[in-house]
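Me: I would like to go through the terms used for this structure one at a time, and to see in each case how the value leads to the word.

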Amino acid sequence: MTSEHFASFLVFIFIHVVAFAYYIKGLLSPKMFKVAVTLVASVGMVLCCAVVAVLIAMVASSPTKGWSGRSLSLLDPTYASKYIPIIASVSEHQPPTWPSYFMDINVLAFLVPAGITACFLPLSDASSFVILYIVTSVYFSGVMVRLMLVLAPAACILSGIALSEAFDVFTGSIKFQLPGISRNSQIDVRDTSSAGVVTQDDGVKTDKNEESLKERPSKKNKKKERENAEKALIKPLLEKRLLVLPLEASVISLLLLVLLGAFYVVHCVWAAAEAYSAPSIVLTSHTNNGLHVFDDFREAYAWLSHNTEVDDKVASWWDYGYQTTAMANRTVIVDNNTWNNTHIATVGTAMSSPEKAAWEIFHSLDVKYVLVVFGGLVGYPSDDINKFLWMVRIGGGVFPHIKEPDYLRDGQYRIDSQATPTMLNCLMYKLCYYRFVETDGQGFDRVRKTEIGKKHFKLTHFEEVFTTHHWMVRLYKLKPPKNRIRGKTKKSKTVCVINKASSTTSSKGSGKRNPWQ
Amino acid sequence: MFVQPKREKEIKPSQERQQRNTSLQQLGPKNILPLGYKCPRWPIFSPYSFSLKTPRSTLEQSRRDSRVRQTGERRDDDAMEAPQSSLRSALVFSFIAIAYLSLLVRSATLSSPELQILNAERRIDLTSHIIRVYLTLKVENTGAAPASEIFLAFPPAQVDHLAIVKAAATFGKKKKKSYLPLDVNPTDLPDAPNGAKCFSISLVSPLKTGESVTLEVLYILSHSLEPFPIEISQSESQLVYYHDSAIILSPYHIKHQTTFIKTSSPKVESFTRVEPSDRVGTELKYGPYEDRHSYSFSPIIVHFENNNPFAVVEELVREVEISHWGSLQVTERYKLVHAGARHKGVFSRLEYQHRPQFSGVSSFKHLLATLPPKVHSVYYRDEIGNISSSHLRTNSKKSELEIEPRYPLFGGWKATFVIGYGLPLQDFLFESPDGRRYLNFSFGCPLAETVVDKLTIKVVLPEGSKNPSAVVPFAVDQRIETSFSYLDVVGRTVVVLEKENVVPEHNSPFQVYYNFNPIFMVAEPLMLASVFFFFFIACVTYLHMDISIRK
């Protein structure tokens, strides 16, 4: 339980107490009720004080006053990147870009301001609530992409209001100006149309009512009636003002509005099909000769599940934890629900360490296989090299010997020849680009759009066991530890020979291609 | 340590044994008796892999024996050892001679109808991992009594891997040759030495004295190519051992015989010489050998390159579900494994993609499944969803489904997947004259050139069918189960057929007969309709009823 939940809990409890008090009042006689109130109030106050004191003590004891990192990062958008890199590393915790607003809510982005103005025109309780709702949700969605979900219903309500107002204005002016229709039918039409508007408004309002605190039904009805009465009063006034709109303009605007709505439906269907339903595990690309499927993730997971021992452990960045568990049926070191920050930092440290240190870390974790995702061959941008800086940050947050500036050249993250030696020697770089240069002779990375910095190197503590068809997933196995040889100083020559022999027998083909060359 | 011979070498019997003995230490359980070892129970015939059947003590002793005699025997000091080995081979041959004699006496007393094989020709096809042996025998009856059965003998090591034995008698001359299939049944001959197993071919008409008949025999061996080295890296090609005898093992005296062995590639590392033997390209020729006595055996090893896909389905469950509404739904669950030399060390995708002719030559990627024509709604998937790499080609004769496992299979790698398809019922379900219905469907595995270690066919009959019986052209295990699907009350009868060691030659039709009353077809729709009907009736009555207590 964290502090941000207190407000809602207290309101919840308060409402129940009030409701209970009213219920008791109905049951008892006024005299008895007074006695009960004094009794309950005195005991209740003592209890409340005790509970509040305990709560305050608990809250005060925590450094952030009981606020969780997530909610703090909502209140202060820079908080997460400063203190909790693991929260900031998640892509959906990033602030959204303008195109993403347009992509997600499309036309609504333009209708929402109109809706806000419409809410202000007669400022009632309900409309002020809607305004508060939209303002807070816009702020939250501005902090994190994932909170676009909070914005969506608010934006829908407001653009609904805006559209309904616009339709009201246009149809009203058309009706008023149309000469051919008799007075009688005009009234009918107006009645039905206004009734439609009213019911629509009611729908919106009941929504709002439910969302705001659950009011009593009797009150709600009363309020509705009152509002209807207000509407009826305003109506003639409005109609007089609408006379300014010419007939053609209003007809054309009506058509345009309908067209806008139609296009929005088309966009929504497209977005639902392409952006929201596309699985992130099977990628497709449209080429000249049809659809090309990149099924590398499942290829690697199927290989893992069929060709490794059941109790082997796989280390990868936590993004692939659930996938490995579910699809490959293998134990992972960290997954998407790992709360232990140190654990994730350990894997991050291993990935950003040089090979030997990384081998020791993984060996201490009883890891058999290391999985990396590499998009450089086919241009898959969300691969481990692009995530790598977060591994450094998260690892460095717990293990201070990993320093982010060591991996940056003049504050820039790069993997080409200008990259720092720490970067070029870390495990992640090596596992991703192992023998990559031999594919095209230059080692051109299609995601970073550059040639890689270190092209020819060998792995000493890891061996490649599987790489998928498009090289998107690469699996490495930890080499078994070498036998310890005693008396190094005395028989250095024999040791050398034995060492060589053991390495050739135990790990043949670890990058040694042709001994005669 | 035994180093792989790079050049082709002729292996003399002694050398060969030595090679086997050294490989013995590597291969572990594959123990080999020395050729001429005097063993009271097995006079001559000592096939290779019967470590399971050899009593431990004899084996130990034999090994100790051989070690005592071969002290200091190493591959390196070949020259020094040569005179010693020649001496030993002389010893061995003398043993063989003695054993032959003893056997001759025994066989003469036991086999009652005197048969002899005038001419035998054997062609062993080693091109894929399924070994097909074509045997042409010309049998003559020299005894007094007419013979109605002819026996074939197999060494125990081959019997375990024997998938199918077919025999046919030939009539007529070359142009108008006709074949008459004959029954083949496993039997036990009391005088068969060393656990050799026999199969009897029943002739249609007994062979009278002095007459002769020509038989064509086809037998198929699976899992009989033993990869050596057992583990290979990605760049190496796969070498395998094939063990057999240069002389056809037979309970009869063979006057004239020849054996041809066809290997998959001209790269033959080594083969045992049993003079006269010869090799031209991909063909090895043993023989002609004249006048060999019954149960003669001369072990040979052929060590050659075979990069054909060693696709073995460890377990295949085919479920055929009959619906009398007009469709047949087939679901096949595969557990595929590459049974060749195990992959060792790294797998480099780079090597595999850029040098396909040198890298991963023994691995395979494509599989071809031949499905019946008019197949529809085909799917190919595994536990984690659809596998997108497959192609279906259909025509009026057959449908071909080309599938790719998710990853190329190297030695020892496994993959599991499911293939499912629907078929029109009228092509497979018929009514027999006695009013029973029968399903006529193909046994065996639709994948081309694969061995199935354990095949289970489940024919799910519609609910309400009675008296199921299966007719299969070869011996299978049968049992009846009950399965439940949607809306089943009594359950569906499932006829389960199980067979081990299935090869493509088992793809012959089988029949499942059952009684079925068409009234059961409408049982489930009626059930649903009545449920809805009663529900609505209940609603209507509820609405028309007044059950309030206060009036």
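Reply: A residue is called buried at under 20% relative accessible area, exposed at over 50%, and partly exposed in between, with a 1.4 Å probe and protein chains only. This is a predicted model, in which local features need pLDDT of at least 70 and side-chain atom pairs count only at pLDDT 80 or more, while totals for chains, interfaces and linings use all residues. Residues are numbered from 1 along each chain as its sequence is written, chains are lettered from A and ligands numbered from 1 in the order in which they are written, and side-chain values use heavy atoms, with hydrogens and water left out.

Me: Why is Phe12(A) called exposed or buried?
Reply: Phe12(A) has a relative accessible area of 52%, and the word exposed applies because the cut-off is over 50%. Phe12(A) lies in helix α1 of chain A, residues 6–27, a helix being a DSSP run of H or I with at least four residues and a strand a run of E with at least two, both numbered from the N terminus.

Me: How do you know how many disulfides the whole structure has?
Reply: The search of the whole structure finds 0 over all chains, where a disulfide is a pair of cysteine sulfur atoms within 2.5 Å. For Cys48(A), the nearest cysteine sulfur is that of Cys49(A), 7.0 Å away, and Cys48(A) is in no disulfide. The sulfur of Cys119(A) is 14 Å from the closest cysteine sulfur, in Cys156(A), which is too far for a bond. Cys48(A) is partly exposed at a relative accessible area of 47%, whereas Cys119(A) is buried at 3%.

Me: What makes Glu299(A) and Arg349(B) a salt bridge?
Reply: A salt bridge is a side-chain nitrogen of Lys or Arg within 4 Å of a carboxyl oxygen of Asp or Glu, and the closest N and O atoms of Glu299(A) and Arg349(B) are 2.7 Å apart, so the pair qualifies. This pair crosses between chains, from helix α13 of chain A to helix α5 (residues 349–354) of chain B. Glu299(A) is buried, with a relative accessible area of 6%, and Arg349(B) also counts as buried, at 1%.

Me: Which salt bridge does Lys455(A) form, and is Lys455(A) buried or partly exposed?
Reply: Lys455(A) meets Glu451(A) in a salt bridge at 2.7 Å, N to O. Lys455(A) is partly exposed at a relative accessible area of 25%, and Glu451(A), at 34%, is partly exposed as well.

Me: What makes Glu400(B) buried, and what is Lys398(B) called?
Reply: Glu400(B) has a relative accessible area of 19%, and therefore counts as buried, whereas Lys398(B), at 37%, counts as partly exposed. The two form a salt bridge whose closest N and O atoms are 3.5 Å apart.

Me: How many residues of chain A are in contact with chain B, and what area is buried between them?
Reply: With contact meaning heavy atoms within 4.5 Å, 23 residues of chain A are in contact with 23 residues of chain B. The area buried between the chains is about 2,100 Å², of which carbon and sulfur atoms give 51%; buried area is the accessible area (1.4 Å probe) that two parts lose on being put together, summed over both. Arg298(A), His306(A) and Glu464(A) supply 26% of the area that chain A buries against chain B, more than any other three residues.
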